[in-house]
Amino acid sequence: MTASPAEVRARARQFATEEVAPFASQWDRDEALPRAIITRLGELGFLTGPLPREVGGSGYDNATFVGVYEEIGRACSSVRGFLAVHTGLVSQCLGDHGNADQQSRWLPALGTGERIGCYCLTEPGAGSDVASMTTSATRNEADDTWTLSGEKTWITNSGIADFAIVFARTGPGERHRGITAFGVEVPSAGWRTEPLGVEPLGHRASDHQRVLLDGLVVPDSQRIGDVGAGFGIAMSALDHGRLGVAAGGVGIARACLDEAVAHARERRQFGQRIGDFQMVQADLADIYAETEAASALVERAARAADAGAPDTTRLTSAAKLFATEVAQRAADKAVLLLGNRGYGDGFPVERYYRDVQGLRIYEGTNHIQRLIIGRDLVGKDPERKR
Ligand SMILES: Cc1cc2nc3c(=O)[nH]c(=O)nc-3n(C[C@H](O)[C@H](O)[C@H](O)COP(=O)(O)OP(=O)(O)OC[C@H]3O[C@@H](n4cnc5c(N)ncnc54)[C@H](O)[C@@H]3O)c2cc1C
């Protein structure tokens, strides 16, 4: 029997409260997540959550699964970020675009957490402008393989990955139309990861590395989708991931509200609870109102995705933009409301404050979300030649 959305959320909340939140600050300091937490995500059915049952998924609809992202994001953005990449960008991408052989070969182990997935799109010279990527894939007709060379950067999970979706240029000079997606099994000769060489501001328990591809040979049977279809595949995967990021933003905002309210009730200054000062109440009210609005927008985008509505991409970008900006304002207010406690790592608000910046950048910066929304609203200029 299918679990109800409320039951799935309750399961996620219990997991996040008991198995994630108490350890999140320590994982942040350790700069790593324990493998056991990934196995637990698999046991709970969250690694296959939104995938259809036909390909071994839990069959949750998006409106249900955003509850999982939100509850986990409330406790730890590194775990939620892992999930948005592994499940949203990798497994769901295979579910949408992989052929039957690829799905049966890769999805079961991704679903249990036995294999970890990463999504390799960004390059040092190609961030927002994905179509300018230079990683190349050259066809070897003789043995029906491709040779991949180039560099990807800031790739979440790449240092612990067993499987990667790599986007590479197969048609030089063709921008969007010259990109193709490949499934890469790791380790493979020609695949190497290196540390970024910088200390990340947030998501410190996540694994982010540079991926160096040097003559990596991939059989054509591991090409995902048609030659030249990679840009569209990358963007459709981002629609899944961005929904997870948006819901994660709601989670951070709720966590900030929880911390701020608890502190406002407890801390006394000038002979009264700081929560009895109207200025403090106004901040709490703003966080609350914006968080509820963000939550409603995320749910609306999730329902559009479930219905296959034509405005799904626009709504998803709006949800990612709005929810992550709300989370940023909530974290900013929570740090202030906690005073010097908010400035140290004895309370989680400083972690939320650092982590939320990542949500505003990855899976398309919030400038890019505005571009997606604006372009969709205005539409293509019929008089423009190209
Ligand atoms: C924590 C973290 C995890 C990540 N994980 C992954 C991952 O798993 N896989 C992956 O492929 N990538 C990943 N990334 C990379 C991320 O997707 C890119 O950093 C992001 O897309 C932006 O690219 P950029 O950093 O090169 O910024 P740039 O594209 O150089 O942009 C710099 C600034 O210019 C603005 N800008 C650029 N173009 C425009 C425009 N046309 N209009 C207005 N403003 C513009 C941007 O909004 C930004 O403010 C991750 C990044 C972070 C921080």
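Trainee: As I understand the term, strands are DSSP runs of E with at least two residues, numbered from the N terminus. In which loop does P187 lie, then?

Mentor: This is a predicted model, and in the model P187 lies in the loop between β5 (179-185) and β6 (191-195).

Trainee: What is the peptide bond from V186 to P187, cis or trans?

Mentor: The bond from V186 to P187 is cis, and its omega is near 5°. As background, most peptide bonds are trans.

Trainee: And phi? Which sign does W154 have, positive or negative?

Mentor: The phi of W154 is positive, about 55°, although W154 is not a glycine. Most residues other than glycine have a negative phi. W154 is part of strand β3.

Trainee: Is W154 buried, exposed or partly exposed?

Mentor: W154 has a relative accessibility of 43%, so it counts as partly exposed. The partly exposed class is what lies between buried, under 20%, and exposed, over 50%.

Trainee: What about H203, where does that one lie?

Mentor: H203 is in the loop between β6 and β7 (208-219). H203 also has a positive phi, about 50°, and is not a glycine. With a relative accessible area of 4%, H203 is buried.

Trainee: Changing topic: how is the chain divided into domains?

Mentor: There is domain 1 (5-116), then domain 2 (118-228), then domain 3 (232-378). Between the centres of domain 2 and domain 3, taken over C-alpha atoms, the separation is 30 Å.

Trainee: How many residues of domain 2 and domain 3 are in contact?

Mentor: On the domain 2 side 12 residues are in contact, and they meet 13 residues of domain 3.

Trainee: Why does the ligand lie between those two domains?

Mentor: The ligand lies between domain 2 and domain 3 because both give residues to the shell around it.

Trainee: How many residues surround the ligand, and which are the closest?

Mentor: The ligand is surrounded by 16 residues, and T122, S128, T156, T365 and H367 are the closest. Sorted by class, the shell consists of 8 nonpolar, 7 polar and 1 charged residues. Two elements, β3 (145-156) and α10 (366-378), each supply at least two residues of that shell.

Trainee: Which atoms of S128 and H367 are paired with the ligand?

Mentor: For S128, a polar side-chain atom lies 2.6 Å from an oxygen atom of the ligand. For H367, an N or O atom in the side chain is 2.6 Å from a ligand oxygen atom. Y119 uses its backbone instead: one of its backbone N or O atoms lies 2.9 Å from a nitrogen atom of the ligand.

Trainee: How much of the ligand does the protein cover?

Mentor: On its own the ligand has 970 Å² of accessible area, and the protein covers 65% of that.

Trainee: You mentioned α10. Is R375 in that helix buried or exposed?

Mentor: R375, which lies in helix α10, has a relative accessible area of 61%, so it is exposed. R375 and R314 are 61 residues apart in sequence, while their C-alpha atoms are 9.3 Å apart in space.

Trainee: On to helix α8. Where in that helix is T312?

Mentor: Helix α8 covers residues 312-337, and T312 is in it. T312 has a relative accessible area of 12%, which means that it is buried. A polar atom of the T312 side chain lies 2.6 Å from the backbone oxygen of A309. Apart from neighbours within four places in sequence, T312 is in contact with A304 and A305.

Trainee: What does the backbone oxygen of T312 lie 2.7 Å from?

Mentor: That backbone oxygen is paired with a polar atom of the side chain of T316. T316 is also found in helix α8, and at 1% relative accessible area T316 is buried. If its neighbours within four places in sequence are left aside, T316 is in contact with D239, R242, L243 and A301.

Trainee: One last residue: where is I274 found?

Mentor: I274 is found in the loop between β10 (272-273) and α7 (278-307). With 11% relative accessibility, I274 counts as buried. Beyond neighbours within four places in sequence, its contacts include H263, A264 and L337. I274 and P52 are 222 residues apart in sequence, with 49 Å between their C-alpha atoms.

Definitions and conventions: Residues are numbered from 1 along each chain as its sequence is written. This is a predicted model: local features need pLDDT of at least 70, side-chain atom pairs count only at pLDDT 80 or more; totals for chains, interfaces and linings use all residues. Side-chain values use heavy atoms; hydrogens and water are left out. A residue is near a molecule or strand if one of its heavy atoms lies within 4 Å of it. A polar contact is a pair of N or O atoms within 3.5 Å; within protein, one must be able to donate a hydrogen and the other to accept it, and residues adjacent in sequence count only if both atoms are side-chain atoms. Accessible areas come from the Shrake-Rupley method with a 1.4 Å probe; for residues, only the protein chains shown count as cover. Helices (H or I, at least four residues) and strands (E, at least two) are DSSP runs, numbered from the N terminus. Ala, Val, Leu, Ile, Met, Phe, Trp, Tyr, Cys and Pro count as nonpolar, Asp, Glu, Lys and Arg as charged, and the others, Gly among them, as polar. Domain bounds come from an automatic or database domain assignment. Buried means under 20% relative accessible area, exposed over 50%, partly exposed in between (1.4 Å probe, protein chains only). Contact means heavy atoms within 4.5 Å.
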